[in-house]
Amino acid sequence: MDETQAVQYLESLIGKTLRVHATDTRVFVGTFKCTDAARNVILANTHEYRYPTTAAVRDAALKVEAAAASKADEIQAQTQSLVKETQNLKLNMTSRFIGLVVVPGQHITNIELEERVPQ
């Protein structure tokens, strides 16, 4: 892709929703406004998403294990089922609205175009 095509592609993204992944595992989802030579990205109407903390994951796992221990008197299959739940523990990401944000280019690991499927 030559420089002219690259500029045209970036211009076509203006106003579209992008998902920008940062080196600290945060994900920013917002409307692409502009970028610069240092690869900084400016997003408007942005939500920040964070993975659960280690403490939150540990607490959730302990709750599942406690539930398994309290049901130890029940059928062995049910206990094994709860242990499998611990191995496949799922927690929601935390999010907050942050509005206008500049994501420094040096901290960007991935950029995705969020395409909405027409219903």
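These legends walk through several close-up views of a predicted model.

Local features are given where pLDDT is at least 70, side-chain atom pairs count only at pLDDT 80 or more, and totals for chains, interfaces and linings use all residues. Residues are numbered from 1 along each chain as its sequence is written, and side-chain values use heavy atoms, with hydrogens and water left out.

**View 1. The whole chain has three helices and five strands.** Going along the sequence, the order is α-β-β-β-α-α-β-β. Helices here are DSSP runs of H or I with at least four residues, strands are runs of E with at least two, and both are numbered from the N terminus. The chain has 119 residues, and 24% of them are buried. Buried means under 20% relative accessible area, exposed means over 50%, and partly exposed is in between, using a 1.4 Å probe and protein chains only. The chain exposes about 8700 Å², with carbon and sulfur atoms supplying 53% of that. Accessible areas come from the Shrake-Rupley method with a 1.4 Å probe, and for residues only the protein chains shown count as cover. Among contacts with a separation of 6 or more, 57% are between residues 24 or more positions apart; a contact means heavy atoms within 4.5 Å.

**View 2. Eleven residues build the largest nonpolar core: L13, L18, V20, A22, F28, F32, V41, L43, V101, V103 and I108.** Such a core is a set of buried Ala, Val, Leu, Ile, Met, Phe, Trp, Tyr and Cys residues joined through side-chain atoms within 4.5 Å. Strands β1, β2, β3 and β4 (94–103) each chip in at least two residues, and β1 gives the largest share, with three. In soluble globular proteins, nonpolar side chains tend to be buried together. Take a look at F28: leaving out residues up to four places away in sequence, F28 touches L18, R19, V20, A22, L43, T46, H47, E48, I98, V101 and V103.

**View 3. E48 and its partners sit in a salt-bridge network.** A salt bridge is a side-chain nitrogen of Lys or Arg within 4 Å of a carboxyl oxygen of Asp or Glu, and the structure holds six of them. E48 pairs with R26, with the closest N and O atoms 2.8 Å apart. E48 is in strand β3 (residues 41–50) and R26 is in the loop between β1 and β2 (27–35), so this pair ties together parts 22 residues apart in sequence. E48 is buried, at 2% relative accessibility, while R26 is partly exposed at 22%. E48 also meets R50 in a salt bridge of 3.4 Å, N to O. Through shared partners, D24, R26, E48, R50 and R96 all join one network.

**View 4. R50, in strand β3, gets its own close-up.** R50 is partly exposed, with a relative accessible area of 37%. Not counting residues up to four places away in sequence, R50 touches R26, M93, T94 and R96. The C-alpha atoms of R50 and S95 are separated by 6.3 Å, though these residues are 45 apart along the chain.

**View 5. R19 and E114 form a salt bridge, with the closest N and O atoms 3.3 Å apart.** R19 lies in strand β1 (residues 17–22) and E114 in the segment after β5 (108–113), so the pair links parts that are 95 residues apart in sequence. R19 is partly exposed, at 25% relative accessibility.

**View 6. H21, also found in strand β1, reaches E112 through a polar contact of 2.5 Å between side chains.** A polar contact is a pair of N or O atoms within 3.5 Å; within protein, one must be able to donate a hydrogen and the other to accept it, and residues adjacent in sequence count only if both atoms are side-chain atoms. Apart from neighbours within four places in sequence, H21 is in contact with R26, V27, H107, I108, T109, N110 and E112.

**View 7. L100 is in strand β4 and is exposed, at 64% relative accessibility.** L100 touches I42, L43 and A44, not counting residues up to four places away in sequence. From L100 to L43 it is 5.7 Å, C-alpha to C-alpha, across 57 residues of sequence.
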